[in-house]
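Colleague: Please choose one part of this model and take me through it closely, step by step. I am new to this, so plain words would help.

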Amino acid sequence: MDNYIVSARKYRPVTFRSVVGQEALTTTLKNAIAGNKLAHAYLFCGPRGVGKTTCARIFAKTINCLNPTSENEACNQCESCVAFDEQRSYNIHELDAASNNSVDDIRSLIDQVRIPPQIGKYKVYIIDEVHMLSTAAFNSFLKTLEEPPAHAIFILATTEKHKIIPTILSRCQVYDFNRISIADIVNHLQYVAQEENVTAEPEALNIIAQKADGGMRDALSIFDQTVSYTAGNVTYKSVIENLNVLDFEYYFRLTDAILAGSVVDCLLVLNDILNRGFEGQYIISGITSHFRDLLVCKDPVTAKLFEVGASIRDRYVATAKQCSNDFLYRAIEIANDCDLNYRLSKNKRLLLELTLIKLCQLSGSPSELKNEVEKKNELKPITPSEKDRPKEKTEPAPTQNIVSEPKPEIKSTPQNEIKPVAKSLAGLGVSLSSLSEESQEKPLEKDKPQEVVSTQNNQLFSEEELQRAWLSFAEVLNEEKLLKNTMMLYKPKMLGNTVFEVEVSTEINKSYLEDHGNAILAHLRENLLNDDITMAIKISEATVVKKPLTSREIFDELVQQNPALQKLSDEFDLELS
């Protein structure tokens, strides 16, 4: 029986060309070898499983190759390359700093540096997890790292660059390795699957790549695990079962229920997901990402940012056509707020259910969603298109509809009384009936500008009427309990004809009134028939916490009120304790 080798070791790159997802770094290293511009110290840093140690080994093998190729790759045939492949090379030394992090280990390394190589040009020292070295070990390593022998090259590798002291960083050429993209991981997994005679669906490999989070070693390990689970037939369904990943189907079911406004279906889907053992934080973050992906798929230009299989992408594009931009903006905002508040919530399931209820309430008309977005002070384009520009509101010219009305209803206001006008016209020998008859007999002339009658309400009101309208708004508040209590507790007081003030005791009460100020003013203006009503809110000065005074400050205040106290204190030579 042959010894089984995991894919992460079996398919480990042995040349710069076979390294996946780090083309810029490998090109830089090959050019340095071609130009014979090798530094004495390198620092390879980046996430786990992206090729730091692999590139260090390839680099060490290539610079010692006796017959490099025209592409600056190792020949794999000379004595140096063969010794490296058989793990018996004395020119390349690897040190695990996690288990050899003391001063004595570094001193032993420094003693070995003095010995020149027997085969090849350089002795390369690869120190993995270098951030694990102690501070004393770092300090003892500084001088050798700065001025090593001509034949010595140090390659330091770490996943936590921030833990390395600056004096070490300044002595190295730093190479930052990036996370490997999902597309590159999928392509490499397809190559491994072909080599291992494994059938794998593209959607299944995409899920593995997303789970690996940019690390090729993690992706290959998950791939081996899935192959063992499926006996060589890697499907999308088997991968999500093995990795316990939430299926896209649940997100689409939630989206369909939300668009239909069905709260019952949403709660049933949520219960099904929770019964499968998924944690609420994972669910809500997945819903947020799902709406983000729908927004990305709204435009074919940005759809390529969504790295999934072709079949799943087509389904996202089809679902995105059913959602408006305003709906997706609000849905992402609501889901993200739930994600931020999840850990602080005591009843986490209730928070998820309330979020789904809010999402179901978004399935209104486009105009209603637009008003919701405007209330949230969304950013608007600097130069709106012609269709988005607000059209000038023009009052309709008087037409025959106005003339045909036999008795138009006119509301009298204190500023516009009808009786004085009637008396003044009667004194001039003109009757209102004659004017109305003349207006009916003479047709309206379209060419002449018509006088627009102002419909603005400006009726005066008293403080008692204001408070009654204030309380009538508060009494109908069933969901906003905190706002209702605030309005019932603090009554408005008139400052002028149209301006009133509400004096509250805390900043929280003030914020409640400010957040709902537009709705309150709209109710008051409609009930009191005055469109100029303005509200001012202030915090009572009586509730401000004053700084406690010292004995000297209290005495100084008393002296200002009664200077005789200072004379009394001076005569008896009194001192404050």
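Modeller: Let's begin with a term: a crossing is left-handed if the near helix is turned anticlockwise from the far one by less than a right angle, and right-handed if clockwise. The model is predicted, so local features need pLDDT of at least 70 and side-chain atom pairs pLDDT 80 or more, while totals for chains, interfaces and linings use all residues. Residues are numbered from 1 along each chain as its sequence is written, and side-chain values use heavy atoms, leaving out hydrogens and water.

Our part is the largest nonpolar core (buried Ala, Val, Leu, Ile, Met, Phe, Trp, Tyr and Cys joined through side-chain atoms within 4.5 Å; buried is under 20% relative accessible area with a 1.4 Å probe, protein chains only). Among its 91 residues, those touching the most other members are Tyr42, Phe44, Ile155, Phe223, Phe248, Ile287 and Phe291. Helix H12, residues 248-260, contributes the most to this core, with 7 residues (helices are DSSP runs of H or I, at least four residues, numbered from the N terminus).

Now zoom in on Ile155. Beyond its neighbours within four places in sequence, Ile155 is in contact (heavy atoms within 4.5 Å) with Tyr42, Phe44, Ala56, Phe59, Val124, Tyr125, Ile126 and Ile127. Two of these, Tyr42 and Phe44, are also on the list of residues touching the most other members.

Next, follow H12 to its partner. H12 packs with helix H13, residues 263-275, at about 160°, and the axes are 9 Å apart (axes are lines fitted to C-alpha atoms over the stretch in contact, with angles from 0 to 180 degrees between N-to-C directions). H12 and H13 are therefore roughly antiparallel, a label for angles over 145 degrees. The crossing of H12 past H13 is left-handed. On the H12 side, Tyr250, Arg253, Leu254, Ala257 and Ile258 make the contact; on the H13 side, Asp265, Cys266, Val269, Asp272 and Ile273 do.

Finally, look at Phe223, another residue on the core list. Helix H10, residues 216-230, packs with helix H8, residues 182-195, at about 45°, with axes 11 Å apart. That makes H8 oblique to H10, the word for angles that are not under 35, over 145 or from 65 to 115 degrees. The crossing here is right-handed. Phe223 joins Met216, Ala219 and Leu220 on the H10 side, facing Asp184, Ile185, His188, Leu189, Val192 and Ala193 of H8 in the contact.

Note on methods: Buried means under 20% relative accessible area, exposed over 50%, partly exposed in between (1.4 Å probe, protein chains only). Helices (H or I, at least four residues) and strands (E, at least two) are DSSP runs, numbered from the N terminus.
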